[in-house]
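Visitor: I am new to this structure and should like to understand the terms by which it is described. Would you kindly take me through them in turn?

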Amino acid sequence: MAAQRRNLMQSHQSWTDDLPLCEMCGVGTATNCVYGSDGKGSQIHPNEDGHLRFRGEDGCFLYGVFNGYDGSRVASFASQCLTAELLLGQLNSSHSDSDVRRILTQAFDVVEKSYFETIDDALAEKANLSNYLLPHNELSSQGQKVQERLKELELEVSGGATAVVALILNDKLYIASVGTNRALLCKSSSDGQNQVLQIGRPHNTENEEELQRLAALGVDPARVRQAGLISGQSSTRRLGDYRVKFNYNDIDLLSVAKGKPVISEPEIHGVQSLENVTGFLLLMSEGLINALESAHGPEQANQEIVAMVAAELALQNSLEAVAQSVVERIKRLHHDVYVSGRQRATFCSRHEDMTLLIRTLDYPLAEGGTPTNPSGRIYPVSVPYSNSLSTSKTSVMLSLVMPSQNTLTNGTNTASTLEEGTPTPGSQSPTATLQSTNTQTQSSSSSSGDGSLFRQRGSQAAQPDETGRVPPYIDFTQFYRLWGSDHSEGGGLGPQ
C-alpha cells in the first residue's frame, strides 16, 4: 500500500479523479509575494496551498483548504487521501453525529500515517547517510556527495500543512480543523443583515488550550508564547513535518516534552444545523487571513471578508469569479497599505499563498451576471482609501456606469458604514458603498497618489445636461499637453 501511495504522489493520477465537483462552491487563489522598495512584487516560491470540493453520495459534501509550507507535497497528499478516506463509501445519512466525528478523526489519522509511509524509505536513507558522515571527512569527495544527497532528501521529506475541512451531511455542518486556517459561517436574515460565526480557534502559540496541552507534556508555555513559532511555524497542530513529529527532542523549545507536542489530531466542531439557513460558508488559508489582518488589523477581519463576499455575490453569477475577486481585492489592499507608508505598512512587506473557498447555502447569485440599471451596466472597482491624517480602515467602491442607448448617466456614490452599505441579494441599487469612520471622502483610481487628476466636485452629484452628459470630473489637460509635445506631428488628439 505504501508503494502505491508513493507511485500516486509521483504521478498526476488521483484517488478522486472520478468524484464530481460541487457546483455550489467557488475557489479563489493567489500566490505568495514579497515587495521591493519600489512596491513591485515578486513570487518567492511555488504555490503550496491546496483545496478540495467534492459532492459525494447520499447528500454528502466535502470541502477543505490546506496551507502547505516547505513545499506542496503534504497539502496535495492530504487533499487526495482525506477525500478517499471520507467519500468512498465511509459516510452515509444513517450515521449519527458521534459516528461522523469518529470517522473524521480516523480519516486525519490515516492521512498522517499514510503520508509518513510514503517517505519512509527517504527518511531511512537520510538517517544512514547522516550516520556515515559522523566518522568520515565531510570535505572529502565522497563526503561532499553525501552532503548533496542529504540536501536532496531533506527537500523530499520536509514540509507540512495545516487544514480546515467542512463536511455537510444530513443538512448538518461539521468542521474539522488542524492548525491555523479559518472557517466562517455567515447566516443572512430576512432584513439583509449578516450574522458571522467563526467556527473554532486557530491552533497556534497564542491559544490557551493548546498551551495547556503542551504544559501537560512538560513544555514551558511561557517560552512557547514568547517564541511565537515552533520550528518555523506558529501552528501547534499540523499534518506531516517529520522534524516536529519524530525529532522534537532535538528542538530546544520542545526538548523536554514527554510526548509528541505537535499533533495531527483534528478538533471537530459541530453540529451546525443548516436547515432553512440562507448564507454562505467560507474556508480560508492562513495566508489570506494574515494578509487582511496585516493590512487592516485583526479586529474586524471576519466582518470585512464577509462584506466583500456579500458584495461580490450581489454583482456576479459565478462563484469562481466571486472567490477570485475577493482574493484579488485582499491582495490589492495588502499591497496598497505597503506602498502607502502608513502605520501598518511595516506589517505588509510580504504575504504567503492565499486560498478562499466559498460554499453558498441557499444564497442567490446575481441574475444574468453583473446587475444592471436602466442606464447601463455597473462595473465595481474597489480601492482602499486613506486620509494621511488618519489610520482608520476604509474601503471605497466606485460605480462605473457604462452607457447604453447612446446616453450617459451619472452613477452615484453614497457614504455608509459596512453594515449599511453592503449589497444584499436582490438589491438593484446602483449605489456604491464607503466603509469609513472618516467623514472626508475622495474619489481615486488607486489608494496612492494625491488625486490631483480629479477636479473638486460639490457635495451634490452633477446632473446631466440637455444632451444627457455630465460635466467631466477628470482633468486630462496635462496628459494632452505632454502627449502633444511628444507627438507634435500626429495632431488631432484631445477634446474636440
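Guide: Let us begin with burial: a residue is buried under 20% relative accessible area, exposed over 50%, and partly exposed in between, with a 1.4 Å probe and protein chains only. This is a predicted model, in which local features need pLDDT of at least 70 and side-chain atom pairs count only at pLDDT 80 or more, while totals for chains, interfaces and linings use all residues. Residues are numbered from 1 along each chain as its sequence is written, and side-chain values use heavy atoms, with hydrogens and water left out.

Visitor: Why is His-203 called buried?

Guide: The relative accessible area of His-203 is 0%. Buried means under 20%, so His-203 is buried. His-203 lies in the loop between β9 (194–198) and α6 (208–216); helices (H or I, at least four residues) and strands (E, at least two) are DSSP runs, numbered from the N terminus.

Visitor: What is His-203 in contact with, leaving aside its neighbours within four places in sequence?

Guide: A contact means heavy atoms within 4.5 Å. On that footing His-203 is in contact with residues including Ser-177, Thr-180, Glu-210, Ser-234, Arg-237 and Glu-267.

Visitor: What makes Glu-320 partly exposed?

Guide: Its relative accessible area is 33%. Because partly exposed covers the range between under 20% and over 50%, Glu-320 falls in that class. Glu-320 belongs to helix α11 (residues 319–340). Not counting residues up to four places away in sequence, Glu-320 touches Cys-25, Gly-26, Val-27 and Arg-53. The C-alpha atoms of Glu-320 and Gly-28 are separated by 6.6 Å, although the two are 292 residues apart along the chain.

Visitor: Why is Asn-276 called exposed, and which class does Asp-70 belong to?

Guide: Asn-276 has 78% relative accessibility and therefore counts as exposed. Asp-70, at 39%, counts as partly exposed. Asn-276 is in the loop between β11 (267–273) and β12 (279–284), and Asp-70 is in the loop between β5 and α2. Phi is positive in Asn-276, near 60 degrees, in a residue other than glycine. Asp-70, not a glycine, has a positive phi of about 55 degrees.

Visitor: How do you know that the length of helix α3 agrees with what is expected?

Guide: The expected span of a helix is 1.5 Å times one less than its number of residues. Helix α3 (residues 97–118) has 22 residues and should span 32 Å; its end C-alpha atoms are 32 Å apart, so the two agree. Among the buried residues of α3 are Val-100, Ile-103, Leu-104, Ala-107, Phe-108 and Val-111.

Visitor: What makes α2 mostly covered?

Guide: Eleven of the 14 residues of α2 are buried, including Val-74, Phe-77, Cys-81 and Leu-86. Helix α2 (residues 73–86) reaches 20 Å from its first C-alpha to its last, close to the 20 Å expected.

Visitor: What makes an empty space a pocket or a cavity?

Guide: On a 1 Å grid over the protein atoms alone, a cavity is a set of points where a 1.4 Å probe fits but cannot get out; a pocket is an open set with protein on both sides within 12 Å along at least five of seven lines, and lining residues have an atom within 4 Å of a point. Grid points are joined across faces, edges and corners, and a volume is the space filled by probe spheres set on the points. The second largest pocket has a volume of about 1000 Å³. Of its 36 lining residues, the closest to its centre are Thr-180, Ser-234, Glu-286, Gly-287 and Asn-290. Helix α9 gives the most to this lining, with seven residues.

Visitor: How many cavities of 30 Å³ or more are there?

Guide: There are four. The second largest cavity holds about 80 Å³ of space. Its lining has 13 residues, and those closest to its centre are Asn-181, Arg-182, Gly-200, Arg-201 and Pro-202.

Visitor: Where is pLDDT under 50, with 158 contacts beyond four places in sequence?

Guide: pLDDT is the predictor's confidence in each residue, from 0 to 100. It stays under 50 over residues 369–461. The protein chain averages 78, and 70% of the residues score at least 70. Where pLDDT is low, the predicted coordinates should not be read in detail.
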